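The exercises below are meant to be worked through with the sequence and the coordinates side by side. Try each task before reading its solution.

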Amino acid sequence: YLREYTYRPGPKGADFNYLTSIRPVGLTFAGLAMSCSIICMVWTLSKRKHRVIKASQPVFLAMIACGTFILASSIIPLSIDDSIATQGGCSAACMAFPWLLSIGFSTIFAALFAKIWRLNQLMKNAANFRRVTIHAKDVRAPFAVLITMNVILLLLWTFI
């Protein structure tokens with residue numbers, strides 16, 4: 001059962017742009033999330049010598065905080081429309097959103113994946129009664145692969 005939908009314009013002069021009234025709310029939440037990310041990063045780096053933080057792998061905690069900062073900053077381009085920016089500015093904001101969103105998410109995901117991979121390697125070797133040392137540089141490969149794949153995809157999306 002298909003129904004045909006017809007476009008009916010609203011009253012002449014009506015403003016259907018609801019972004020103006022909700023923009024401050026979105027920017028407030030973005031600022032709050034970005035501030036929390038910075039606070040968590042500073043706290044993690046200042047307490048990195050503590051036994052519990054050292055066991056939690058502060059490099060990965062810092063990567064997660066950076067990723068959440070980038071992810072939260074993706075809200076800012078969403079708040080830009082033609083009432084406050086030119087057509088070129090709106091186009092740039094439109095393309096900045098997927099860049100910030102995917103780079104932020106990939107940073108968080110890569111940090112969590114690398115952290116779990118590192119723990120998995122330790123547990124697998126412990127089951128075989130072998131001592132192994134895995135450094136932070138050993139788990140940079142997943143991060144590099146994910147970010148590189150995202151950048152290639154985003155470059156194709158942006159320029160094609």
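**Exercise 1. A charged pair**

Are Asp81 and Arg23 buried or exposed? Work out as well how the two residues are linked and which parts of the chain they belong to.

Solution. The model is a predicted one, and side-chain atom pairs count in it only at pLDDT 80 or more. Begin with accessibility: Asp81 and Arg23 are both buried, and for Asp81 the relative accessible area is 10%, below the 20% limit for that class.

Next, consider the charges. In general, side chains of opposite charge can pair when their charged atoms come close. Here the closest N and O atoms of Asp81 and Arg23 are 2.7 Å apart, and the two residues form a salt bridge; a search of the whole structure finds one such bridge. Asp81 lies in the loop between α4 (75–78) and α5, whereas Arg23 lies in helix α1 (residues 19–46), so the pair ties together parts that are 58 residues apart in sequence.

Finally, look at the remaining surroundings of Asp81. Its side chain also makes a polar contact with the side chain of Ser83, at 2.7 Å. Leaving aside residues up to four places away in sequence, Asp81 touches Asn17, Leu19, Arg23 and Cys90.

**Exercise 2. Two cysteines**

Determine why Cys36 and Cys40 are not joined by a disulfide.

Solution. A disulfide is a covalent bond between the sulfur atoms of two cysteines, and the distance between sulfurs is therefore the quantity to examine, with a cut-off of 2.5 Å. The cysteine sulfur closest to that of Cys36 belongs to Cys40 and lies 6.4 Å away, which is too far for a bond. Seen from the other side, Cys40 is in no disulfide, its nearest cysteine sulfur being that of Cys36. A search of the whole structure agrees, finding zero disulfides. As to their surroundings, Cys36 is partly exposed with a relative accessible area of 41%, and Cys40 counts as partly exposed at 43%.

**Exercise 3. Aromatic rings along a helix**

Which residues form the aromatic cluster, and how are their rings arranged?

Solution. Start with the total, since a search of the whole structure finds two aromatic pairs. In one of them, the ring centres of Phe105 and Phe109 are 6.1 Å apart and the planes meet at 15 degrees, so the pair is stacked. Phe105 and Phe109 are four residues apart in helix α5 (residues 87–127), and thus separated by about one helical turn.

The other pair consists of Phe109 and Phe113, which is likewise stacked, with 6.4 Å from centre to centre and 15 degrees between the planes. Phe109 and Phe113 both lie in helix α5, again four residues apart, or about one turn. Joining the steps gives the answer: Phe105, Phe109 and Phe113 form one aromatic cluster. Within that cluster, Phe109 counts as partly exposed at 43% relative accessibility, and Phe113 is partly exposed with a relative accessible area of 41%.

**Exercise 4. A helix and its cover**

Which residues of α3 are buried, and what covers them?

Solution. First describe the helix. Helix α3 (residues 58–73) has 16 residues and reaches 22 Å from its first C-alpha to its last, close to the 22 Å expected at 1.5 Å a residue. The buried residues in α3 are Pro58, Phe60, Ala62, Met63, Ala65, Gly67, Ala72 and Ser73. What covers them includes α1, α2 (51–55), α4, α5 and α6 (140–159).

**Exercise 5. Backbone angles in two loops**

Where do Gln57 and Phe129 lie, and what is notable about the phi of each?

Solution. As a reference, most residues other than glycine have a negative phi. Gln57, in the loop between α2 and α3, has a positive phi of about 60 degrees although it is not a glycine. Phe129, in the loop between α5 and α6, has a positive phi of about 55 degrees and is not a glycine either. Their accessibility can then be compared with the class limits: Gln57 counts as buried at 9%, whereas Phe129 is exposed with a relative accessible area of 78%.

Technical notes. Residues numbered from 1 in each chain as written. Predicted model: local features only at pLDDT ≥ 70, side-chain atom pairs only at ≥ 80, totals over all residues. Heavy atoms only, no water. Buried < 20%, exposed > 50% of the residue type's maximum accessible area, 1.4 Å probe, protein only. Phe/Tyr/Trp six-rings, centres within 6.5 Å; stacked < 30°, edge-to-face > 60°. Salt bridge = Lys/Arg side-chain N within 4 Å of Asp/Glu carboxyl O. Expected span 1.5 Å × (residues − 1). Contact = heavy atoms within 4.5 Å. Polar contact = N/O pair within 3.5 Å; in protein donor to acceptor, adjacent residues only side chain to side chain.
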